[in-house]
Amino acid sequence: MQKFDARASLAKRRADVAAMFDGVAGRYDLMNDAMTGGLVRAWRAETLRAVDPRPGQRILDLAAGTGTSSRTFADAGALVVPADLSLGMVTEGKKRQPDLGFVNADALELPFADATFDAVTISYGLRNIEDTLAALVEMHRVTAPGGTLVVAEFSTPTWGPFRTLYREYIPRVLPALARVLSTNNPAYSYLAESINAWPDQETLAGLIREAGWRDVEWKNLSGGIVALHRAVA
């Protein structure tokens with residue numbers, strides 16, 4: 001089990017994280033495609049299958065950004081609430097997906113009653129929350145008994161030689177792409193650091209269990225670059 005390294009500005013003050021994402025909202029989806037070589041689309045499809053949205057199902061999509069993932073849940077007939085800490089992301093999302101009810105919300109203090117949702121999902125945002133365990137507890141609070149949690153997050157490649165290359169690749173390539181495609185290079189330097197500092201699959205599964213979730217499992221995508229964790233309330 002990997003030790004949880006809390007560096008990489010993982011003293012992630014909420015205001016700082018929100019301001020950082022405000023600054024990249026306009027080109028966020030473009031950067032996601034570029035820095036993953038388009039793999040984010042396949043990962044999004046896997047997340048959709050894991051959530052398995054159905055007509056009338058109530059889904060909270062945390063760290064929803066501009067609502068790209070939320071759109072797929074809504075198209076399946078689910079009643080989705082896209083939520084994000086960044087007001088800039090919420091504003092951009094409302095422009096792109098005007099029919100979705102975006103909420104500017106803090107994952108550590110969700111503005112919803114207990115057992116409101118049938119599923120809660122968060123993609124590539126859990127590592128940016130300053131207290132991972134508290135956020136998972138809060139997600140559990142707003143999920144109905146028997147409801148599901150789906151977490152898509154960058155993780156630890158399973159093959160040793162590739163893992164070493166990957167950890168060297170991330171801090172070099174992300175800032176370089178940011179210099180070309182974004183006006184906020186420091187934001188992507190932070191994101192690179194946060195990916196390398198994030199706990200591995202087993203450690204995150206342990207945190208999810210500690211937060212009260214059961215039947216925790218995960219699926220590695222692209223050799224463990226991303227892990228899809230699923231659990232039941």
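Two strands count as paired if DSSP finds at least two bridges between them. Helices (H or I, at least four residues) and strands (E, at least two) are DSSP runs, numbered from the N terminus. The model here is predicted, so local features need pLDDT of at least 70 and side-chain atom pairs count only at pLDDT 80 or more, while totals for chains, interfaces and linings use all residues. Residues are numbered from 1 along each chain as its sequence is written, and side-chain values use heavy atoms, with hydrogens and water left out.

**Exercise 1. Work out how strands β6 and β7 pair, and what sits between them.**

Step 1: Find the strands. β6 covers residues 214-221 and β7 covers residues 226-232.

Step 2: Get the direction. The two run antiparallel, with six bridges joining them.

Step 3: Pin down one bridge. R214 has V232 in β7 as its bridge partner.

Step 4: Look at the turn. Four residues separate the strands of this hairpin, and S222 in the turn has a positive phi of about 55 degrees.

**Exercise 2. Trace the salt bridge between K219 and E46, and say how buried or exposed each residue is.**

Step 1: Set the cut-off. A salt bridge is a side-chain nitrogen of Lys or Arg within 4 Å of a carboxyl oxygen of Asp or Glu. The structure holds eleven of them.

Step 2: Check the pair. K219 and E46 meet at 3.0 Å, N to O. K219 sits in strand β6 and E46 in helix α3 (residues 39-51), so this contact links parts of the chain 173 residues apart.

Step 3: Classify the ends. Buried means under 20% relative accessible area, exposed over 50%, and partly exposed in between (1.4 Å probe, protein chains only). K219 is partly exposed at 42%, whereas E46 is buried at 18%.

**Exercise 3. Find the salt-bridge partners that R141 has in D114 and E138, then name the network that includes K219.**

Step 1: Start with D114. Its side chain meets that of R141 at 2.8 Å, N to O. D114 lies in the loop between β3 (103-104) and β4 (117-123) and R141 in helix α6 (residues 132-141), so the pair ties together parts that are 27 residues apart in sequence.

Step 2: Compare accessibility with the cut-offs. D114 is exposed at 53%, and R141 is partly exposed at 26%.

Step 3: Move to E138. The E138–R141 salt bridge comes out at 2.9 Å, N to O. Both residues are in helix α6, three residues apart, about one turn of the helix. E138 is buried at 12% relative accessibility.

Step 4: Name the network. E46, R49 and K219 are joined into one network by salt bridges that share partners.

**Exercise 4. Build up the aromatic cluster of W43, Y124 and F154 pair by pair.**

Step 1: Set the rule. Rings of Phe, Tyr and Trp (its six-membered ring) pair if their centres lie within 6.5 Å; planes under 30 degrees apart count as stacked, over 60 as edge-to-face and the rest as tilted. A search of the whole structure gives four aromatic pairs.

Step 2: Take W43 and Y124. They form a tilted pair, 6.3 Å centre to centre with 45 degrees between the planes. W43 is in helix α3 and Y124 in the loop between β4 and α6, 81 residues apart.

Step 3: Check burial. W43 is buried at 4%, and Y124 is buried at 14%.

Step 4: Add F154. Y124 and F154 are also tilted, at 5.2 Å centre to centre and 45 degrees between the planes. F154 belongs to strand β5 (residues 143-154), so its pair with Y124 ties together parts 30 residues apart in sequence. F154 is buried at 7%.

Step 5: Put it together. W43, Y124 and F154 make one aromatic cluster.
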